[in-house]
Amino acid sequence: MATLNDIGVAAAINILTAFAFFIAFAILRLQPVNDRVYFPKWYLKGLRSSPIKTGGFASKFVNLDFRSYIRFLNWMPQALRMPEPELIDHAGLDSVVYLRIYLLGLKIFFPIACIAFTVMVPVNWTNSTLDQLKNLTFSDIDKLSISNIPTGSSRFWVHLCMAYVITFWTCFVLQREYKNIGSMRLQFLASEQRRPDQFTVLVRNIPPDPDESVSELVEHFFKVNHPDYYLTYQAVYNANKLSELVQKRKKLQNWLDYYQNKHSRNPSKRPLIKLGFLGCWGEEVDAIDHYIEKIEGLTRKISEEKETVMSSTKSLVPAAFVSFKRRWGAVVCSQTQQSRNPTEWLTEWAPEPRDIYWDNLALPYVQLTIRRLVIAVAFFFLTFFFMIPIAFVQTLANIEGIEKAVPFLKPLIEVKTVKSFIQGFLPGIALKIFLIVLPSILMLMSKFEGFISKSSLERRCASRYYMFQFINVFLCSIIAGTALQQLNSFLNQSATEIPKTIGVSIPMKATFFITYIMVDGWAGVAGEILRLKPLIIYHLKNFFLVKTEKDREEAMDPGTIGFNTGEPQIQLYFILGLVYAAVSPILLPFILVFFALAYVVYRHQIINVYNQEYESAAAFWPDVHRRVVIALIVSQLLLMGLLSTKRAARSTPLLFILPVLTIGFHKFCQGRYQPIFVRYPLQDAMVKDTLERMREPNLNLKTFLQNAYAHPVFKAADNLANEMVVEEPAPDKTPDLVATKRGSRRFHSGSAETFT
């Protein structure tokens, strides 16, 4: 059990670590050689030039203006200075709404913390229940929690009232935020520039036809059923093999560039490599000639595979991107049933082109249910087996309790400094290390499930990660920690007393979560702004591979927000804050520091670093709202169970009302605001169409949409090999004729295959 001294040691370590990260960042960001690492977004926008080009030799690499080092924290006010509308234009609505999750935490927990420390902490502290209990491990911090109130006390009415305050305030803030973000989304969609996805739907599960190919079938179906608004279509090809060849060629090209750069630095000596395993043995050959030969052979394979993909009907996937003349037509198509069979001709809004995860478009639609069932089973076992390292972490957090059951460990950890370090710092860092590989595993599982957009992949991964955090990090930490912490009590008391011990012990887990918050939420967030890994990788690439300015741009790694890991991590803090607000309020200041610090840090990163891969117009917000509501209900149920063990019989029935009210509130918000994030209003679509026709009466929309949803592997192949050209029909070309095999009928098609 971590004591007040242990928490102080952990706080000192994490504060010093965070401060060291900030100092290192303040120094490194001022050096010209690191400019592309800490301001890549401005380079990608073309609004910043390299400071290395100007000044003397030394000033190109080191900032010699010593006055700039004095203002080492000026990045904080600069990060807060950009107004929200300008930030939306600069970084997109997704980034701004993501930041508002941190503001939501501050809005919810700051008033709750003020009330809790004004009312609840004195109520909890002015008791001596823990001192009177034998065989129970506790610290002075636990005297601030509900555990210090005697069984059957009338003071539990204060906690009941606090539960009502927390519920009503949280729901009020959530409802207002849901409404504001819904308005922001509609305003953003109304003011947004013309994009291909506004006119396009994705059609899946196209039924096979013995007489027509997929392309012909799509053309005829939409000309017949959407004659007034159908414009063109883009066939979907299974180009996964071609994509693998292109990626392999790109890696070979990188090696060729490396050896060519090496040769240019020393022209008198040709670089040599060995053809054996890992270049350790085998025949020695000229590296440049070797890679040129391999690239030429792979280029021929790429050209052949491209021709095969484009000419074979077997490469066509039973899916297509169908575009319309007006947004109104796309809205109607995406939100209606297309055929009598509800499992065929399934339509949905097409993701924006950069949001598509092309590898999964080639998956047969019938496989998706099976794949998701397999992943559900795999996730269950992953969650179950991960409880083992979580339980191990809890042994680090409850050394004093284990000492009673395993006395031989006592001499090893009895040293005060070592004991404070282990209990105050090690549990949090150990748990953080165990969770490092988890996001990569969950993302692979999401890809296997078959989601067709990066945004849906990240939302699915976030959902799994949140569930994992809730079960393993929160529930398992409480259950395993309580069992280990009170092991001696469990072994020496009757079975009827065990629920009472658990009820008293659950609030005591606040000390473990405090250490975790400081490691993950303080030092971890401060480490995010340092960007140590991208900094090292950039300089390694810059030293070995970079030769031209284009190479230097490609060496930059701006990264992204990482919604799939960031948002579930934030939700863990919502769970902890809401659960412990009425149980052990000492947790709240640590959570408030996290939300405030993370808001400033990630605002800076969004302005200067992160490059947004896609724009979903805050489509993820219903998930955020739902998880906060779940956290609120969990807090109510746990408090209800806790009060029942404390024999607060008169106050417990009144808590049953709160989950019912919270669920009703969620249903109201779901019906009132969620449709804004799922469907696009016909009224807004018609307004945008009308305004666009007035402003651009001669707009050639077909040209704009012609290759918008072409598989990017063809464009990549075109960049890698000059002989691989994707030909586009001229806009004024006479429409082709698409013949059918159902007789002599011919349909005029102004949207034949865009690849010929």
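User: What makes β1 and β5 a pair, and in which sense do they pair?

Analyst: Two strands pair if DSSP finds at least two bridges between them. β1 and β5 have five bridges, in the antiparallel sense, so the criterion of at least two is met. Strands here are DSSP runs of E of at least two residues, and helices are runs of H or I of at least four, numbered from the N terminus. This is a predicted model, in which local features need pLDDT of at least 70, side-chain atom pairs count only at pLDDT 80 or more, and totals for chains, interfaces and linings use all residues. Residues are numbered from 1 along each chain as its sequence is written, and side-chain values use heavy atoms, with hydrogens and water left out.

User: Which residue in β5 is the bridge partner of Leu 202, and what stands opposite Leu 202 in β6?

Analyst: The partner in β5 is Phe 321. In β6, Glu 348 stands opposite Leu 202. β1 and β6 pair over four bridges, also in the antiparallel sense.

User: Why is β1 called largely enclosed?

Analyst: Buried means under 20% relative accessible area, exposed over 50%, and partly exposed in between (1.4 Å probe, protein chains only). Five of the five residues of β1 are buried, so the rest of the structure largely encloses β1. Thr 200, Leu 202 and Arg 204 point one way, Val 201 and Val 203 the other, and all are buried.

User: Why is helix α13 also described as largely enclosed, and what do its buried residues pack against?

Analyst: Six of the eight residues of α13 (327-334) are buried, so the description applies. The buried residues, including Arg 327 and Cys 333, pack against β1, α10, β5, β6 and α33. Contact here means heavy atoms within 4.5 Å.

User: How do you know that Glu 458 has no salt bridge?

Analyst: A salt bridge needs a side-chain nitrogen of Lys or Arg within 4 Å of a carboxyl oxygen of Asp or Glu. For Glu 458, which is buried, the nearest side chain of opposite charge is Arg 459, 8.1 Å away. Glu 458 is in helix α21 and touches Met 443, Phe 563, Asn 564 and Tyr 614, not counting residues up to four places away in sequence.

User: Why is Val 377 called partly exposed?

Analyst: Its relative accessible area is 43%, so Val 377 falls between the two cut-offs for buried and exposed. Val 377 lies in helix α14.

Note on methods
Lys, Arg positive; Asp, Glu negative; His and termini not counted.
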